[in-house]
Amino acid sequence: VLRVPIETLAPEPFVLRRPFHVFVCPYDGEFMATFFDVGLSMSGDTPEEAVAHLKAVIVDTFDDFERNESRLGPGPARQLAVLREFIQNPA
């Protein structure tokens, strides 16, 4: 298992409030990157690809949840609250 620091979401415009770590492990012939704090995972052919895919999903999830905050259920609302500890929208 690799512990990978995330210090930027570039090229995305979102700003990190503070760095966080994701964990990457081999999974079924690929690699799975997981951000346990928010329960998001993505796979890739390499550890780097898995992390890149996960960063894209983190940004997409954060953006979608912020735009639809009033309609979120308890689980997604909790995920958004945790994401806001790490990410801010510069807009």
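The following paragraphs go through the strands, the hairpins and the helices of this structure.

The model is predicted. Its mean pLDDT is 94, and 100% of the residues score at least 70. Among the elements, strand β4 has the highest mean pLDDT, 98, while strand β2 (residues 15-16) has the lowest, 91.

A good place to begin is the sheet. It is open and is formed by 4 strands in the order β1-β3-β4-β5, with antiparallel pairing. The edges are taken by β1 (2-6) and β5 (40-44), each of which pairs on one side only. On average, neighbouring strands of this sheet are turned by 30 degrees against each other, direction ignored. As for side chains, those of a regular strand alternate between the two faces of the sheet.

Two hairpins can be followed along the chain. In one of them, β3 and β4 are the strands, and 2 residues lie between them. D28, in the turn, has a positive phi of about 50 degrees. The antiparallel strands β3 and β4 are joined by 5 bridges, and Y27 has E30 in β4 as its bridge partner.

The other hairpin is made of β4 and β5, with 4 residues between the strands. Here G39 takes a positive phi, near 70 degrees. Strand β4 (residues 30-35) is joined to β5 by 5 bridges, and the two run antiparallel. Two positions show how these strands line up: F31 has G44 in β5 as its bridge partner, and A33 stands opposite M42 in β5.

Next come the helices. How does helix α1 lie relative to the strands? Helix α1 lies across β1, β3 (20-27), β4 and β5, and runs at about 145 degrees to β5.

Helix α1 also meets helix α2. Two packed helices are described by the angle between their axes and the distance between the axes. For α1 (residues 47-67) and α2 (residues 74-86), the axes come within 10 Å and cross at roughly 115 degrees. The crossing in which α1 passes α2 is left-handed.

Which residues of the two helices meet? From α1 they are I58, T61, F62, F65 and E66, and from α2 they are P76, Q79, L80, L83 and R84. The residues of this contact divide into 6 nonpolar, 2 polar and 2 charged.

Taken together, α1 is in contact with strands of the sheet and with residues of α2.

Notes
Residues numbered from 1 in each chain as written. Predicted model: local features only at pLDDT ≥ 70, side-chain atom pairs only at ≥ 80, totals over all residues. Heavy atoms only, no water. Axes fitted to C-alpha atoms, helices over the stretch in contact; angles between N-to-C directions. Left-handed = near helix turned anticlockwise from the far one by under 90°. Contact = heavy atoms within 4.5 Å. Nonpolar A, V, L, I, M, F, W, Y, C, P; charged D, E, K, R; others polar. Pairing = 2+ DSSP bridges. pLDDT = per-residue confidence, 0-100.
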